[in-house]
Amino acid sequence: MAGAAKNFVVSVDIGTTNIKACVYDKLGKIRGESLEKIILEYPRPGWSEIDDEHLWERFQTSVKRAVGESHIGFDEIACLGVATQRGTFTTWNKNTGKLLHKFICWSDLRCAEMCKQWNNKFTLKAIHAFGSLFHFFTGSNRFIAAKAIRFFPKMAATRLAWVLENMPEARDLAAKGDLLFGTIDTWLLWKLSNGQLHMTDCSNASSTGLFDPWKFTWSGLVTSILNVPMGILPEVGDTSQVFCTCPESLFGTSFPISAIVAD
């Protein structure tokens with residue numbers, strides 16, 4: 001017996017305060033949608049977090065409600081794509097999947113003092129000077145970026161450095177090669193692939209402050225300044241591709257996750 005025609009695409013947009021899921025038909029018309037609230041937590045002044053279990057539950061609920069409103073079956077879905085807020089991240093044990101802390105939001109300010117210290121270091125001033133010098137002699141735009149490097153709390157890079165400096169378990173796992181870092185998209189792919197895929201796309205990678213867009217890879221310079229081990233960072237791929245197939249246990253059938261992008 002032939003299976004159902006797969007004529008619909010699901011998009012999920014994970015913002016700071018809500019998750020919106022939409023079901024589109026072949027003509028690009030919205031057939032069903034759902035808007036689910038994300039609860040932000042503020043454990044200390046200046047800190048902003050999201051509970052991972054809450055985010056996972058909201059993600060599933062948003063997809064189920066949007067598909068339910070569209071009056072189609074999950075077996076009619078051709079693929080799913082995800083857009084996520086930039087800069088929000090977590091870290092976890094790659095062997096157990098257990099998170100070391102809740103998602104640290106892009107608006108979190110816990111590393112503000114560290115940013116001031118980095119920006120005032122002689123090392124950074126020297127990089128700025130050499131960047132200007134090399135740009136003058138070579139004309140390469142890549143060195144413009146080098147002379148403009150500064151650190152801010154909104155960068156996932158600086159908040160990750162805070163985690164590695166202030167959480168001994170994170171540093172210990174990183175030293176053993178057992179720590180993984182990921183923005184929301186990376187963590188979702190890890191969950192949807194049952195821990196088989198540690199990956200992100202270039203738009204999410206570029207928003208971390210750790211990515212070198214000229215070489216299209218993680219920056220050895222920035223990771224060195226912030227003392228971030230390269231081994232904890234995900235593989236970077238294209239925005240549009242089949243990343244993985246979500247397990248049948250989640251929605252009763254499987255379909256590919258075919259796009260990841262930072263909004």
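This is a guided tour of the structure, stop by stop, for use with a viewer.

**The whole chain**

Begin with everything displayed, and keep in mind that this is a predicted model. The protein chain has 10 helices and 14 strands, and 52% of its 263 residues count as buried. If you look at contacts between residues at least 6 apart in sequence, 62% of them join residues at least 24 apart.

**Helix 1 against helix 7**

Select residues 52-70, which form helix 1, together with residues 184-192, which form helix 7. Two packed helices are described by the angle between their axes and the distance between the axes. Here the angle is about 70° and the axes lie 12 Å apart, which makes helix 1 roughly perpendicular to helix 7. Show side chains next: from helix 1, D52, L55, W56 and F59 take part, and they meet I184, W187, L188, K191 and L192 of helix 7. By type, the residues of this contact comprise seven nonpolar and two charged ones, with no polar residue among them.

**The largest nonpolar core**

Now select V12, I14, L55, F59 and V63, the residues with the most contacts inside the largest nonpolar core, which has 42 residues. At least two residues of this core come from each of several elements, including strand 1 (8-14), strand 2 (18-24), helix 1, strand 5 (77-84) and helix 7. Further along the chain, strand 13 (240-245), helix 10 (248-251) and strand 14 (256-262) each supply at least two as well.

Centre the view on V63 and ask which residues it is in contact with, leaving aside its neighbours within four places in sequence. They are V10, V12, A21, F74, L80 and F251. A second, separate core can be picked out afterwards; it has 33 residues, among them C111, M114, W162 and A205.

**S70 in helix 1**

Return to helix 1 and select S70. Is this residue buried or exposed? S70 is buried, with a relative accessible area of 3%, and, apart from neighbours within four places in sequence, S70 is in contact with V23, R31 and G32.

**Helix 5 and its cover**

Move to residues 156-166, helix 5, which is mostly covered, since nine of its 11 residues are buried. Those to select are A156, A157, T158, R159, L160, A161, W162, V163 and L164. To see what covers them, add strand 6 (89-93), strand 7 (103-104), helix 2 (112-119), helix 6 (168-176), strand 8 (179-183) and helix 9, which are included in that cover.

**Cysteines**

A disulfide is a covalent bond between the sulfur atoms of two cysteines. How many disulfides does the structure hold? The number is zero. Select C246 and C244 to follow one case: the sulfur of C246 has its closest cysteine sulfur in C244, at 7.7 Å, too far for a bond. C246 is buried, at a relative accessible area of 1%, and C22, at 5% relative accessibility, also counts as buried.

**Two asparagines with positive phi**

Finish in the loops. N194 sits in the loop between helix 7 and strand 9 (199-201), where its phi is near 55°, a positive value in a residue other than glycine. N194 is exposed, with a relative accessible area of 57%. The last selection is N227, in the loop that runs between helix 9 (220-226) and strand 12 (235-237); the phi of N227 is near 60°, again a positive value in a residue other than glycine.

How values were computed
Residues numbered from 1 in each chain as written. Predicted model: local features only at pLDDT ≥ 70, side-chain atom pairs only at ≥ 80, totals over all residues. Heavy atoms only, no water. Axes fitted to C-alpha atoms, helices over the stretch in contact; angles between N-to-C directions. Helix = DSSP H or I, 4+ residues; strand = E, 2+ residues; numbered from the N terminus. Parallel < 35°, antiparallel > 145°, perpendicular 65-115°, else oblique. Contact = heavy atoms within 4.5 Å. Nonpolar A, V, L, I, M, F, W, Y, C, P; charged D, E, K, R; others polar. Core = buried A, V, L, I, M, F, W, Y, C linked by side-chain atoms within 4.5 Å. Buried < 20%, exposed > 50% of the residue type's maximum accessible area, 1.4 Å probe, protein only. Disulfide = S-S within 2.5 Å.
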